[in-house]
Amino acid sequence: MLTYRSGFTLLFSAIILVSTTCAASELAVSGVGNYNATNATNVIEKSELMAFVDEAAAYVKDNGKEKALLAFNNSSGPFVRGELYIFAYDFNGTNIAHPIRPDLVGHDQRGLLDINDVAVVRNELALAKRGGGIMYLVFQNPIHEDREELKLIYLKKVDDSLWLGSGIYLTNISASFSEEERDELVAFVQEALQFARESGKERALQVFSDPKGNFTRGAQYIFAYDYDGRTLALPYQPELIGTNRIDARDPNGVDFISQAIDAVRMGNGFFYYIYPDPSENMTPELKLSYVANVNETWFLGSGIYVKGG
């Protein structure tokens, strides 16, 4: 069930939608780990999704916004194809097209949360303002009796007043984090934030970067970056400290550092991505992270992993 609450979360998929020929090199560059073929799905699905949204954007330009929105809102129209459908928003967070959830249309949806308290539209809006891209959330699947399922979303900015999106449901991936897990994650980050402010940046980063330090607790650890994307603390990947990762992507092309910065700039928050799990020999797994601003120059965060997805 979708709900409304303050805060925001980005949900991240453990499905890998890249081809096996390019994945290994991309993961090495991003510091995400070794490509795991058992997590792979058909790259054609992702290409078809992106082509579908591109087709809808072209339809707007060729036919005008008014006609396009009528088509997008039509549940029997040309832009509803099985589980694929187009949704549309303006840059104030107001939904202006949704063939599956017409109750959303005409309302500001920036407070909309999914079953994991993911702030669906706020996170989509941040990505759309950067031109679009890929992210994850949980939403009703119309071909599975409206069951809430993990979804890979592709967004595209059409112009300064409109952005479009669609998605693929990843039905075989469990993506549920309990309220207790999320609360403990936030508390851990707040503990690190207090330590950083009391101890100073230099001392805090030394501790955060120590794999045997007080803020490295098994698979849960503190990472830190500046707002240009430069790595300041990463205890299990010390070779990346000092490198700029602003262009780093996860195996599905999600720009996880940029999305982390988006989350912090919206007032601290959650986001999801695929990242090496130190408790599983650095195998890339689905991860939910929470990030918080330290000051105007840097931020820190931590995350938890989904097991047995």
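Me: Before anything else, what do buried, exposed and partly exposed mean here?
Reply: Buried means under 20% relative accessible area, and exposed means over 50%. What falls in between is called partly exposed. Keep in mind that this is a predicted model. With those cut-offs, Glu55 at 36% relative accessibility counts as partly exposed.

Me: Which residue meets Glu55 in a salt bridge?
Reply: The contact is between side chains, at 2.8 Å from N to O. It links distant parts of the chain, 26 residues apart. Glu55 sits in helix H2, and the partner sits in strand E2 (residues 80-81). That partner is Arg81.

Me: Is Arg81 buried, exposed or partly exposed?
Reply: Arg81 has a relative accessible area of 39%. Buried needs under 20%, and exposed needs over 50%. The value for Arg81 lies in between, so the class is partly exposed.

Me: How many salt bridges does a search of the whole structure find?
Reply: The pair of Glu55 and Arg81 is a salt bridge. Asp103 and Arg101 form a salt bridge too, with the closest N and O atoms 2.6 Å apart. The search of the whole structure gives a count of ten.

Me: In the salt bridge of Asp103 and Arg101, which residue is buried?
Reply: Asp103 has a relative accessible area of 45%, so Asp103 is partly exposed. Arg101 has 15%. Buried means under 20%, so the buried residue is Arg101.

Me: How many residues apart in sequence are Asp255 and Arg130?
Reply: Their side chains meet in a salt bridge, 2.7 Å from N to O. The pair links distant parts of the chain. Asp255 is in the loop between E13 and H7, while Arg130 is in the loop between helix H4 (120-129) and strand E7 (132-141). The separation is 125 residues.

Me: Which residue joins Arg130 and Asp255 in one network?
Reply: Asp255 is buried at 8% relative accessibility. Arg130 is partly exposed at 36%. Salt bridges that share partners bring in one further name, Asp262.

Me: Are the rings of Tyr221 and Tyr236 stacked or edge-to-face?
Reply: The search of the whole structure finds 20 aromatic pairs. In this one, the ring centres are 5.4 Å apart and the planes stand at 80°. Planes over 60 degrees apart meet the cut-off, so the pair is edge-to-face.

Me: How far apart in sequence are the parts that Tyr221 and Tyr236 tie together?
Reply: Tyr221 lies in strand E11 (residues 220-221) and is buried at 3%. Tyr236 lies in the loop between strand E13 (231-233) and helix H7 (256-265), and is partly exposed at 30%. The parts are 15 residues apart.

Me: What is the angle between the ring planes of Phe256 and Tyr273?
Reply: Phe256 in helix H7 and Tyr273 in strand E14 (residues 269-277) are 17 residues apart. Both residues are buried. Their rings are stacked, with centres 5.4 Å apart and a plane angle of 5°.

Me: Where is Glu179 found?
Reply: Glu179 gathers with Glu180, Glu181, Asp183 and Glu184 in a patch of negative charge on the surface. Glu179 counts as exposed at 54% relative accessibility. Its place is helix H5 (residues 179-199).

Me: How far apart in space are Lys61 and Asp159, C-alpha to C-alpha?
Reply: Lys61 is in helix H2 (residues 43-63). It is exposed, with a relative accessible area of 63%. Lys61 and Asp159 are 98 residues apart in sequence, and their C-alpha distance is 9.6 Å.

Me: What is the phi of Asn281 near?
Reply: Most residues other than glycine have a negative phi. Asn281 has a positive value. It is in the loop between E14 and strand E15 (283-293), exposed at 71%. Its phi is near 55°.

Me: What is the phi of Met282 near?
Reply: Met282 is found in the loop between E14 and E15. It counts as partly exposed at 26% relative accessibility. Its phi is positive, near 60°.

Key:
Residues numbered from 1 in each chain as written. Predicted model: local features only at pLDDT ≥ 70, side-chain atom pairs only at ≥ 80, totals over all residues. Heavy atoms only, no water. Patch = residues over 30% accessible without salt bridge, like charges linked within 9 Å, V, L, I, M, F, W, Y side chains within 5 Å. Areas by Shrake-Rupley, 256 points an atom, 1.4 Å probe, with all protein chains shown as cover. Salt bridge = Lys/Arg side-chain N within 4 Å of Asp/Glu carboxyl O. Lys, Arg positive; Asp, Glu negative; His and termini not counted. Charge placed at Lys NZ, Arg CZ, Asp CG, Glu CD. Helix = DSSP H or I, 4+ residues; strand = E, 2+ residues; numbered from the N terminus. Buried < 20%, exposed > 50% of the residue type's maximum accessible area, 1.4 Å probe, protein only. Phe/Tyr/Trp six-rings, centres within 6.5 Å; stacked < 30°, edge-to-face > 60°.
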